[in-house]
Amino acid sequence: MSITVEAKDDRLQVRLNAEAKTVLQRAANYRHKTVSQFVLATALAEAEKVIRENEAVALSAADWKVFYDALSNPSAPNAALRKAFAKYQKSAG
């Protein structure tokens, strides 16, 4: 099994006061990581959480049924949709 090592070319600099550095160092020590490793892992976990909260859609069971039914049995295209599709086809070539 081969392990691919990525080059770390990007750098993030953060200015902080001594108290903040001490707190981060203490937390990193508890995780047996360097401050850089701790800050990166924690920031990435939080970033992924924020992305999930803003990009994922959670539906109730009733809403899921309505959504699924709409996908499974779509309505016939109306005049506005047919017109928009014709306009798209014309512009797309």
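This passage describes the main pocket, a nonpolar surface patch, a salt bridge and one backbone angle in a predicted model.

The largest pocket holds about 730 Å³ of space. Its lining comprises 16 residues. Arg11, Leu12, Ser36, Val39 and Leu40 lie nearest the centre of the pocket. Two helices, α1 (18–30) and α2, each supply at least two lining residues. The greatest contribution comes from α2, which gives six residues to the lining. In class, the lining is mixed: eight residues are nonpolar, five are charged and three are polar.

The loop between α1 and α2 contains His32. The phi angle of His32 is near 55°, a positive value in a residue other than glycine. Most residues other than glycine have a negative phi. His32 is exposed, because its relative accessible area is 75% and the cut-off for exposure is over 50%.

A nonpolar patch of about 670 Å² occurs on the surface. Six residues make this patch: Val57, Leu59, Trp64, Phe67, Tyr68 and Leu71. Val57 sits in the loop between α2 (35–55) and α3 (61–72). With a relative accessibility of 70%, Val57 counts as exposed. Another member of the patch, Tyr68, belongs to helix α3. Tyr68 is partly exposed, with a relative accessible area of 47%. This value falls between the limits of 20% and 50%, so Tyr68 is classed as neither buried nor exposed. The C-alpha atom of Tyr68 is separated by 47 Å from that of Val35. Along the chain, Tyr68 and Val35 are 33 residues apart.

Side chains of opposite charge can pair when their charged atoms come close. In the model, the count comes to one salt bridge. The partners are Asp69 and Lys65, whose closest N and O atoms are 2.8 Å apart. This separation is within the 4 Å cut-off, so the pair counts as a salt bridge. Both partners lie in helix α3. Asp69 and Lys65 are four residues apart, about one turn of the helix. The accessibility classes of the partners are not alike: Lys65 counts as exposed at 51% relative accessibility, whereas Asp69 is partly exposed at 30%.

Helix α3 thus carries the salt bridge partners Asp69 and Lys65, as well as the patch residue Tyr68.

How values were computed
Residues are numbered from 1 along each chain as its sequence is written. This is a predicted model: local features need pLDDT of at least 70, side-chain atom pairs count only at pLDDT 80 or more; totals for chains, interfaces and linings use all residues. Side-chain values use heavy atoms; hydrogens and water are left out. Patches are made of residues with over 30% relative accessible area and no salt bridge: like charges are joined within 9 Å, nonpolar side chains (Val, Leu, Ile, Met, Phe, Trp, Tyr) within 5 Å. Accessible areas come from the Shrake-Rupley method with a 1.4 Å probe; for residues, only the protein chains shown count as cover. A salt bridge is a side-chain nitrogen of Lys or Arg within 4 Å of a carboxyl oxygen of Asp or Glu. Buried means under 20% relative accessible area, exposed over 50%, partly exposed in between (1.4 Å probe, protein chains only). On a 1 Å grid over the protein atoms alone, a cavity is a set of points where a 1.4 Å probe fits but cannot get out, and a pocket is an open set with protein on both sides within 12 Å along at least five of seven lines; lining residues have an atom within 4 Å of a point. Grid points are joined across faces, edges and corners, and a volume is the space filled by probe spheres set on the points. Ala, Val, Leu, Ile, Met, Phe, Trp, Tyr, Cys and Pro count as nonpolar, Asp, Glu, Lys and Arg as charged, and the others, Gly among them, as polar.
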